Structure formats: structure tokens, C-alpha cells
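Before reading on, take a moment to look over the sequence and the model side by side. The report is meant to be read with both in view.

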Amino acid sequence: MNAWEKGFFEGLKPQKLITVNEWADKYRVLSSRGSSEPGKFRTDRTPYLTEPMKELSTGSLTQRVVLMLGSQLGKTELMNNFTGYCIDFAPGAMLLCEPTLQMAARLSKQRLEPMLQETPCLAKKIPPPRSRDSGNSQFAKVFPGGVLILTGANSAASLKSMPAKYIGLDEVDSYPGDLDGEGDPVALAEKRASTFTKRKILLTSTPTIKDFSRIEAEYENSDQRKFYVPAPCCGAFQVLNFDQLRWEDKDINTVKYECEVCKERFDETAKTTMLRKGEWRATNKEYKGKTAGFWLNGLASPYGWFSWAEMVEEFLKAKDDPALMRTWTNTRKAETFSYEYQSKLNAEALLEIRENYLPGEIPKEVVCLCMGVDVQGGMGSATQRLEASLWGFAPDPSGIAEQMYLIDHSVIYGDPNQAEVWKGLDILLTQTFKHPDGGKLKISSCAVDSGGLATQSVYDYCTKRKGQGVIAIKGSSRGGVPLIGKGSRVDINYSGRIKKKSGVVYIINTEDIKDRIFSKIKSKEKIHFHAETTEDYFKELTGEYRTQKTNKKGYPVSTYEKKPNQAVEKLDCCVYAYAGYSLLLKTVPKGLFFTNYAKKLLNNTNLNTKNTLRSRQKPQKSSYVTNW
Ligand SMILES: [Zn+2]
């Protein structure tokens, strides 16, 4: 009898029926490599995962388990338990799929391998990868009665490779929509199991964007279970909900939960008992299929893992920044995020929020001035011009609630490839402004768009005026990059030769900056306009809106689009000015581009710039997990 046959017969031996969670409690050992709480595995640490694990067990008739979860709730360990159970107790072919092959490799090395080696009953069945011919490689693990294949949703070939009784699909919202023209990767993978009547398919993910989230669609097509816990005050069962958290002002140490029924407030220490007494209830009563759906947010994270106070803290940091808010909503509330697609910003309505100061006048709060320059280099001389907006900024210690003031907007006509028009900009740049406190304020930074038809002229201009804070920028719509990057050298001059003194171009994240600006405009509190701002100006400033599409690969992409026939130079200028301001903030300790008077003003404000910067650079304890 060879090893395969031996394994096959061992797999046939009758065993007492146990569930995934019972198996985990009995056999699992958490390694110090893969877990922050090493030792024997305890399912009572995450009581809400017991029922999903029961549904994944051979005794249950459920075929599909859908988990729509926030992060830090123990999802990875559930996946591990399911895998261990399928290897040790109910062997059969298993396919584990991560969004990409690289992620599958990482899972194999960092999460799976420690479990296989340190859980004795599994170590017996799968020898360590080092031994030759062990059948244990990074992407395939042979064990008596089956094989475990790890793969990535970006690899169509591997998803079609073999029949599998068990399928684990991790982070499905990050899978491509269509795989090399072969269709949906989830459908491709699930097809592997279609011949097994006792199949088990696990789908997990934090949700992403509304109407594009796969896990939300799967959850909606299930029995939709929610986790009800009894409040310590009156015992009434309820679903933990962020909107019930209460805190005083910005003091997150005062966070308490307000009972939905008796309105009494209790603190987080009640959580352990509440979770233990909690129960899943199906909310989709009509559902008759074989998919069990579970939804759970970050409020249920076990005591000591991720606290309610941290959740509030993250919320306060994210609330004015749509990019952060999206991540927070997805990973903490476990809800899909919805951009306000159609801009509700109406230019006419904005006329009403104009303030009393005149163009060129500096409001008292302003401590630095940043200019954004849009370059129109088209062929017709009538349209060739520079547009320059001057914005004043009042920083805020939190870094996000800073105020912006429109000071002035100028247009300089002329060909950007000729010197004349740049002389005009020089005149604008050398202006000084009287500050109501008595001093004189100069322009601290000037960001010039180099993405148009006059790229080299822009480089030349900016390189010569580096010392004045004049920088060349280029917009990028790639997600995940900083508001303004480090700056990269542009080494080639007109004739194609490498220059000795090369210029620098800064890549800016136009989408994230637009999110910030639109969020200010919407709140009407953090952005200010002088008394003579025109309706046309407002039309251009609000001339774009966020919209949603799918790209060629089927991934949802959210991006800004112009309103039909709408010029948007004023918006571009505003974005560039903000980018320049972001660079200033990065250089605050060195005060690189701040004029002396601006530095003095900064020192007089409450803003402790050094501390702000230091605390922002520090890695977050509970860092955001992003799926992008
Ligand atoms: Zn109560």
C-alpha cells in the first residue's frame, strides 16, 4: 500500500462527528508566529465565530457561508480552523483563494504554515516543507485523503484546475470582476465544487463600495444573520451599532454605549459578557436557500483587541476626509461606502456664503499664502494663458479641519512657451500683503501644473525659482498615493541632453485633494470666499463630480468627471494651491518655503506644528487596513 492509498483508507475510518469549533478548541494551538495571543485556541474569545464554524462543519446542511466582517474580528483564524478541520477531520480536496497569488503566498507562509507545524495532529499529516518529496510546497499541501491548493483570484488557470469539495474565498471584494475574459473568479472557483453534494464554500470580505461590493450582494442573497447581544442594563437584545456610542466633546475616554431600549449608558467592560450571551438571528425570514450569511462590525471586536474608544478616535480623524472615511466605513462599520456621486454643490447657493473681505485682503486667521497655477498652452492665442488662484490657509492641529480663504484669482494671457506670460506670473509672485496683525505676508508656495502642452517651459520656470517655493506638479489619479509626493527629477532639456541642474516634479493625488476641497465646500465652514467672487467662479470650482465606473478588468473605480461643457480651471488652481500647502506642512520643521512673517504667525497660533507632524508620522496603533 503506498502513502496515497494508506491515506485514503485512513480517511475512511469512522470518527465521532465534531464541528469546526469543537475541533479548534480540542486541537488548535496558536503559534507565537501567527498570533498575538499564543497558546491553546479558545473559541470563546470570539463567541460570534462559533455559529459560522458550525455551519462549515460536515453535520450542517449549509453549503455556503458568507461573512461580511470588519477587520480585527478573528476572520483569519476562522479560515484557519476551517482549513485544519478539512485536513484533519473531514479530508477532501480544498481550494483556498486570496485576491492575488502574492497574497496567497503570504498567507501560506505567515498564517497557514505556523498552524500546520504547531498543531500536532496537523503536523503529523503534513510534513514540513523542508523535507524532500513531502508534498508540501507553498501553493500545494498533500495530506492523507486530500490536497490543499492555494491560489490567487488573478490566476484563471489555477481557479479552473481541479474539483474541490471545500472552497475558501478570502477578501472577495478585492477580486477582479472578469478574469481574462473567462468570467467571474468567484463563479469559476465555485464551479470546482459543483459535483459535491456535501460541499462547503466560505466567502469572506470586508465590504467596499456600494453597488459594487460582492460580499454585500452575497450577504443580501442569504438568510442575513445579525448578532444580537443583551444589554447589561435591561437585558434587551440589540445589534451593536456605532450610532449608539456617546462621548463628551473630543474626549474619547468618555465613550459609552447607549442602550436602544432603556437609554442607560454602559461602558466597554460589559462587552465580554454580552458577546458570550449573544446570538445570531436570521433577518431574511423568507430565505429558503443553503447560504448562511453573517454580518458583524468592529464594535464586537473582543475586549482588549480593538476598543470602542479607538473606533471613535478613528472616526474623528476620518470624518472630514472621504478617502479615510471610506476605509473606516468598510473596515470598522463593515458597511459599504457610498460617494455622493452627483455633486449637490450649486454655484448659485454658494454666492450666499461669500464673506465681507475684499479680493487681495488677508483675513486675520490666514497664516500662509499658496498659489495654484493652471497652464493653458493650446494652439489658439485667444485661449493661451495662465490662471492663478491665491489661497490663504489657517492650519489646524488636527491637520484636517484647516481653513481655506480665496484671496484672489488672476488670468495672464499669452503663450506659455514664450517668456512674456511668465513675467506676468513673476509680478504676481512678488506681491506682499498686509496682514491685519500688522506684518507683511509673502506668498509661501506656488504650484504650477506641468501636465499641459508647455511642460518644459514650466520646468524651466520652476527650477529657477525653487528658492521662492515655486514647484512643478503633475496630477495623478492613481489611488493610494500621498497628497503630494517626494518629487522626482526631470533631467532632460529641450535638446534631449541631461541637464546638470535638473528640475523636480511633484506628483499630486488630485482625487484625494478634490475630496477634501468638496467636503469643505459642502460643510460651508472650512472654506471662505471674498465678497466679489462671481457665479462663474463658483461654477468652475464645482465643475466636477465624483462618479463610478468599472474598468476593463471589472474593478470598480470611482473618479472625478467634468460636468458637460464646463471649464474647471478654477478648481484645478485650487487643487494645485492645496498641493503646495500640503508640501509646506510636510516641511514645517524645516520651514522650507514659509516666509519669515508666515513662520512668525505660525509660532503665534496654537498650532504646535512639530508635534502635529510627529504624531501624524507615527504609525497608528490600530492602523487602517485597506483593500485597495
Ligand atoms: Zn437597556
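What follows goes from the whole chain to a metal site, then to pairs of helices and a few single residues.

## The protein as a whole

The structure shown here is a predicted model. Its secondary structure comes to 20 helices and 26 strands, and buried residues make up 55% of the 628 residues in the protein. When contacts with a separation of 6 or more are considered, 71% of them are accounted for by residues 24 or more positions apart.

Leu-601, found in helix H19 (residues 596–604), offers one example of such a distant pairing, for Leu-601 and Val-366 are 235 residues apart in sequence and yet 8.7 Å apart in space, from C-alpha to C-alpha. Leaving aside neighbours within four places in sequence, Leu-601 is in contact with Val-366, Val-367, His-435, Asp-437 and Leu-441. Leu-601 counts as buried because its relative accessibility is 7%, and the cut-off for buried is under 20%.

## The zinc site

The zinc ion has as its protein donors the SG atoms of Cys-233, Cys-234, Cys-259 and Cys-262, which lie 2.3 to 2.4 Å from the ion. In sequence these donor residues are spaced C-C-x24-C-x2-C. The angles among the 4 donor atoms run from 96 to 125°, and the site is tetrahedral; for comparison, the ideal angle for four tetrahedral donors is 109.5 degrees.

Two of the donors can be compared by their accessibility: Cys-259 is buried, at 0% relative accessibility, whereas Cys-262 is partly exposed, with a relative accessible area of 34%. The residue numbered just after Cys-262 in the sequence is Lys-263, which is found in the loop between strands E12 and E13 and has a phi near 65°, a positive value in a residue other than glycine.

## Helix H11 and its surroundings

How many of the residues of helix H11 (residues 308–318) are buried? The count is 8 of the 11, so H11 is largely enclosed by the rest of the structure. These buried residues are Trp-308, Ala-309, Glu-310, Met-311, Val-312, Glu-314, Phe-315 and Ala-318, and they pack against strand E11 (245–248), strand E12 (251–258), strand E13 (265–266), helix H10 (271–276) and H12.

The packing of H11 with H12 can be described further, since their axes are 8 Å apart at an angle of about 155°, and the two helices are therefore roughly antiparallel to each other. From H11 the contact is made by Met-311, Glu-314, Phe-315, Lys-317 and Ala-318, and from H12 by Leu-324, Met-325 and Trp-328. By class, the residues of this contact divide into 6 nonpolar, no polar and 2 charged.

Helix H12 (residues 322–331) also holds Asn-330, which is buried, with a relative accessible area of 2%. Not counting residues up to four places away in sequence, Asn-330 touches Gly-70, Thr-206, Pro-207, Thr-208, Glu-335, Thr-336 and Phe-337.

## Two crossing pairs of helices

Helix H2 (residues 20–27) and helix H4 (residues 75–88) have axes that come within 9 Å and cross at roughly 90°, and that makes H2 roughly perpendicular to H4. Val-20, Trp-23, Ala-24 and Tyr-27 in H2 meet Asn-81, Phe-82, Gly-84, Tyr-85 and Asp-88 in H4. This contact of H2 with H4 has 6 nonpolar, 2 polar and 1 charged residues.

In the second pair, the axes of helix H16 (residues 510–523) and helix H18 (residues 569–586) come within 10 Å and cross at roughly 105°, and H16 and H18 are therefore roughly perpendicular to each other. On the H16 side the contact involves Thr-510, Ile-513, Lys-514, Arg-516, Ile-517, Phe-518 and Lys-520, which meet Leu-571, Cys-574, Val-575, Tyr-578 and Ala-579 in H18. The residues of the contact of H16 with H18 divide into 8 nonpolar, 1 polar and 3 charged.

## A loop residue with positive phi

Glu-171 lies in the loop between strand E7 (166–169) and helix H8 (185–191). Its phi is near 50°, a positive value in a residue other than glycine. Is Glu-171 buried or exposed? Glu-171 is buried, with a relative accessible area of 12%.

Key. Residues are numbered from 1 along each chain as its sequence is written. This is a predicted model: local features need pLDDT of at least 70, side-chain atom pairs count only at pLDDT 80 or more; totals for chains, interfaces and linings use all residues. Side-chain values use heavy atoms; hydrogens and water are left out. Helices (H or I, at least four residues) and strands (E, at least two) are DSSP runs, numbered from the N terminus. Buried means under 20% relative accessible area, exposed over 50%, partly exposed in between (1.4 Å probe, protein chains only). Contact means heavy atoms within 4.5 Å. Donors are N, O and S atoms within 2.8 Å of the metal (3.2 Å for Na, K and Ca); water is not among the atoms, so sites may look incomplete. Four donors count as tetrahedral if all angles lie between 85 and 135 degrees; four count as square planar and six as octahedral if opposite donors are over 155 degrees apart and all others between 65 and 115; anything else is irregular. Axes are lines fitted to C-alpha atoms, for helices over the stretch in contact, and angles run from 0 to 180 degrees between N-to-C directions. Angles under 35 degrees count as roughly parallel, over 145 as roughly antiparallel, 65 to 115 as roughly perpendicular and the rest as oblique. Ala, Val, Leu, Ile, Met, Phe, Trp, Tyr, Cys and Pro count as nonpolar, Asp, Glu, Lys and Arg as charged, and the others, Gly among them, as polar.
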